[in-house]
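These exercises go with the sequence and structure shown below. Try each task before reading its solution.

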Amino acid sequence: MDSSEIKATLRYGRFVQGWRVKLLYIAIAVCSLMPISTIVMLISVFLNAFSWESEMLFGVLFGNAFCILIGVVCIVSLQRHNKVKKEVEKWLTDAVLLKAEITRMDIVDRTYKPYQIKVEFYYNGKKFIHTSNPGNFFTGYRKIFLNFTGKTRVIVYSPEFDQVLFK
């Protein structure tokens, strides 16, 4: 099985791939244009091609700070994506397809966070129950799990790493 077939994991939520990853690379390229253009402008100021006014300097510095911040966020997101992708590929080495009952737990019991789910399945005659990690304000609540709840679904299970993935 290929990692491109995986839509989500119980541990990390949505498995980002395709155009979303390309968008991060494009954002990094666009964000790097501002500092590069500022360097070109600084060189032309030192060569007396033109002079800066104080309002222009403030705008350029603010624009650079904003672009660098967005670029850093995109780079961190890409690093996280690459880490998760390596883990998913490792989990898929011994993966098996199983049928599972998937239940949304925040409706059943209010102690669970929004969109938290429970996956019940049998493997080698033994019953397994896994609950998704709760989301929060910073990592987000995992609405992707709504696509899998309320019905029997085929899941991908890695017995060696005890991980559940969704196709």
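The exercises below cover confidence, cysteines, aromatic rings, backbone angles, distances and a pocket.

The model is predicted, so local features need pLDDT of at least 70 and side-chain atom pairs count only at pLDDT 80 or more, while totals for chains, interfaces and linings use all residues. Residues are numbered from 1 along each chain as its sequence is written, and side-chain values use heavy atoms, with hydrogens and water left out.

**Exercise 1. Confidence**

State the average pLDDT of the chain, and find which elements have the lowest and the highest mean pLDDT.

Solution.
1. pLDDT is the predictor's confidence in each residue, from 0 to 100.
2. The chain average is 84, and 91% of the residues score at least 70.
3. Helices (H or I, at least four residues) and strands (E, at least two) are DSSP runs, numbered from the N terminus.
4. The lowest mean among the elements, 70, belongs to helix α3 (residues 105–108), and the highest, 91, to strand β5 (residues 126–131).

**Exercise 2. Cysteines**

Determine how many disulfides the structure holds, then examine Cys31 and Cys74.

Solution.
1. A disulfide is a covalent bond between the sulfur atoms of two cysteines; the criterion here is a pair of cysteine sulfur atoms within 2.5 Å.
2. Searching the whole structure gives 0 disulfides.
3. For Cys31, the nearest cysteine sulfur is that of Cys67, 4.9 Å away, and Cys31 is in no disulfide.
4. For Cys74, the nearest cysteine sulfur is that of Cys31, at 5.8 Å, and Cys74 is in no disulfide.
5. Accessibility is sorted as buried (under 20% relative accessible area), exposed (over 50%) or partly exposed (in between), with a 1.4 Å probe and protein chains only.
6. Cys31 has 12% relative accessibility and so counts as buried.
7. Cys74, at 8%, also counts as buried.

**Exercise 3. Aromatic pairs**

Classify the ring pair Phe121 and Tyr157 and the ring pair Phe148 and Phe166.

Solution.
1. Rings of Phe, Tyr and Trp (its six-membered ring) pair if their centres lie within 6.5 Å; planes under 30 degrees apart count as stacked, over 60 as edge-to-face and the rest as tilted.
2. The structure holds 9 aromatic pairs.
3. Phe121 and Tyr157 have ring centres 4.7 Å apart and planes at 55°, so this pair is tilted.
4. This pair joins distant parts of the chain, with Phe121 in strand β4 (residues 117–123) and Tyr157 in strand β6 (residues 152–158), 36 residues apart.
5. Both Phe121 and Tyr157 are buried.
6. Phe148 and Phe166 have ring centres 4.5 Å apart and planes at 10°, so this pair is stacked.
7. Here too distant parts of the chain are linked: Phe148 is in the loop between β5 and β6, and Phe166 is in strand β7 (residues 163–166), 18 residues apart.
8. Both Phe148 and Phe166 are buried.
9. One aromatic cluster is formed by Phe121, Tyr123, Phe128 and Tyr157.

**Exercise 4. Positive phi**

Describe phi, place and exposure for Asn124 and Asp162.

Solution.
1. Most residues other than glycine have a negative phi.
2. Asn124, not a glycine, has a positive phi of about 55°.
3. Asn124 sits in the loop between β4 and β5 and is exposed, with a relative accessible area of 68%.
4. Asp162 has a positive phi near 55° and is likewise a residue other than glycine.
5. Asp162 sits in the loop between β6 and β7 and is partly exposed, with a relative accessible area of 35%.

**Exercise 5. Chain separation and distance**

Give the C-alpha separation of Glu160 and Trp91, and of Val88 and Val164.

Solution.
1. Glu160 is in the loop between β6 and β7 and counts as exposed at 57% relative accessibility.
2. The C-alpha atoms of Glu160 and Trp91 are 7.8 Å apart, and the two residues are 69 residues apart along the chain.
3. Val88 lies in helix α2 and is buried, with a relative accessible area of 0%.
4. The C-alpha atoms of Val88 and Val164 are 10.0 Å apart, with their positions 76 residues apart along the chain.

**Exercise 6. A pocket**

Describe the volume and the lining of the second largest pocket.

Solution.
1. On a 1 Å grid over the protein atoms alone, a pocket is an open set of points where a 1.4 Å probe fits, with protein on both sides within 12 Å along at least five of seven lines; lining residues have an atom within 4 Å of a point.
2. Grid points are joined across faces, edges and corners, and a volume is the space filled by probe spheres set on the points.
3. The second largest pocket holds about 160 Å³ of space.
4. It is lined by 13 residues, and the closest to its centre are Ile6, Lys7, Arg14, Phe15 and Gln17.
5. Ala, Val, Leu, Ile, Met, Phe, Trp, Tyr, Cys and Pro count as nonpolar, Asp, Glu, Lys and Arg as charged, and the others, Gly among them, as polar.
6. The lining of the second largest pocket divides into 6 nonpolar, 3 polar and 4 charged residues.
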